[in-house]
Amino acid sequence: MFFDFLKHLIFKQQKMTDRESIKIEFAVQISGTKCADKVRAALEGVGKVDIDVDKGSVLVETALPWIDVHRLIENTGRRAVLSGFGGQSAVAMVDHGNELSKVRGVVRFCALSTNEKGAVVDGVIDGLQEARPYKLNVHECGDISEGCASVGEVYDSNDIQSDETGRATIRFVNDRLAVWDLIGRSVVITEAEGDRRLSCGIIARSAGIFENYKKICACDGVTIWDERERPLAGSKRRENAPA
């Protein structure tokens, strides 16, 4: 079965530990208990799963990258959108200063504790060269007025690796980082050698689990299901939005 193959591949890439496990919440188009049962079966072995059919919520406690859990849910034929990530969380939309590289993605940070350092770093970066090492750096400030050149010095650095498609799937624990100290800083993706800056984004607070039950974005009337198919910003985002 395809599901079994996919789960085997994911677990081969990432060994789960209690310390690395966090709760991830998805809004999922679930029409009844049969749909919920299919989603639950697809997530078997991933971690603890709670499904609320009425709210269309799937809560998963896991050590896997959120993008892998998302893929398992959507392979059941249901659309899913990440709606909550851990407790105290932050996110960087890495999509600035990339006019030449076209590198872009999302990096999320989730605190392991409310009063001590330590964070799960989870994300996806696309547009990289195939099977090459890169660096995911946190820089000291979030000034992107001059693209990635104005974000200050490196505050923290970690190695990442792209796969054969040019995507880097990120999931690790960083004991040096405190989420509350990251807000307003920036994430920069650089080449492993030479440190050429490829793309960057400001780190901002993000919704934790049970904090985001929106169905329509109040700012522009785009539903969560349409939102994932649209640009993050710009005039095209509002095209065909509900009145």
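Tutor: A nonpolar core is a set of buried Ala, Val, Leu, Ile, Met, Phe, Trp, Tyr and Cys residues joined through side-chain atoms within 4.5 Å. Please keep in mind that this is a predicted model.

Student: How many residues has the largest nonpolar core?

Tutor: Nonpolar side chains in soluble globular proteins tend to be buried together. In this model, Phe26, Leu43, Val58, Val69 and Ile73 have the most contacts inside the largest core. The number of residues in that core is 26.

Student: Which element gives the most to this core?

Tutor: Two or more residues each come from S1, helix H2 (33-42), S2, S3, H3, S4 and strand S7 (119-126). With five residues, the element that gives the most is H3.

Student: Where does this core lie with respect to domain 1 (18-85) and domain 2 (89-205)?

Tutor: Domain 1 (18-85) gives residues to the core, and domain 2 (89-205) does as well. The core therefore lies between domain 1 and domain 2.

Student: What is the order of the strands in the open sheet of four strands?

Tutor: The pairing in this sheet is antiparallel. Strand S2 (48-52) and strand S4 (80-85) each have a single partner strand, so they stand at the edges. The order is S2-S3-S1-S4.

Student: Which residue of S3 is the bridge partner of Ala27?

Tutor: Strand S1 (residues 22-28) and strand S3 (residues 57-62) run antiparallel and are joined by six bridges. In S3, the partner of Ala27 is Ser57.

Student: What angle does the direction of helix H3 make with that of S1?

Tutor: Helix H3 (residues 66-74) packs on the sheet, where it touches S1, S3 and S4. The angle between the direction of H3 and that of S1 is about 35 degrees.

Student: How many residues apart in sequence are the parts that the disulfide of Cys148 and Cys200 ties together?

Tutor: The structure holds one disulfide, and this bond joins Cys148 to Cys200 with an S to S distance of 2.4 Å. Cys148 belongs to strand S9 (residues 145-148) and Cys200 to strand S13 (residues 197-206). The pair therefore ties together parts whose separation in sequence is 52 residues.

Student: Is Cys141 buried or partly exposed?

Tutor: A residue counts as buried under 20% relative accessible area and as exposed over 50%, with partly exposed in between. Cys35, at 11%, is buried. Cys141 has a relative accessibility of 25%, and therefore counts as partly exposed.

Note on methods: Residues numbered from 1 in each chain as written. Predicted model: local features only at pLDDT ≥ 70, side-chain atom pairs only at ≥ 80, totals over all residues. Heavy atoms only, no water. Pairing = 2+ DSSP bridges. Contact = heavy atoms within 4.5 Å. Axes fitted to C-alpha atoms, helices over the stretch in contact; angles between N-to-C directions. Disulfide = S-S within 2.5 Å. Buried < 20%, exposed > 50% of the residue type's maximum accessible area, 1.4 Å probe, protein only. Domains from an automatic or database assignment.
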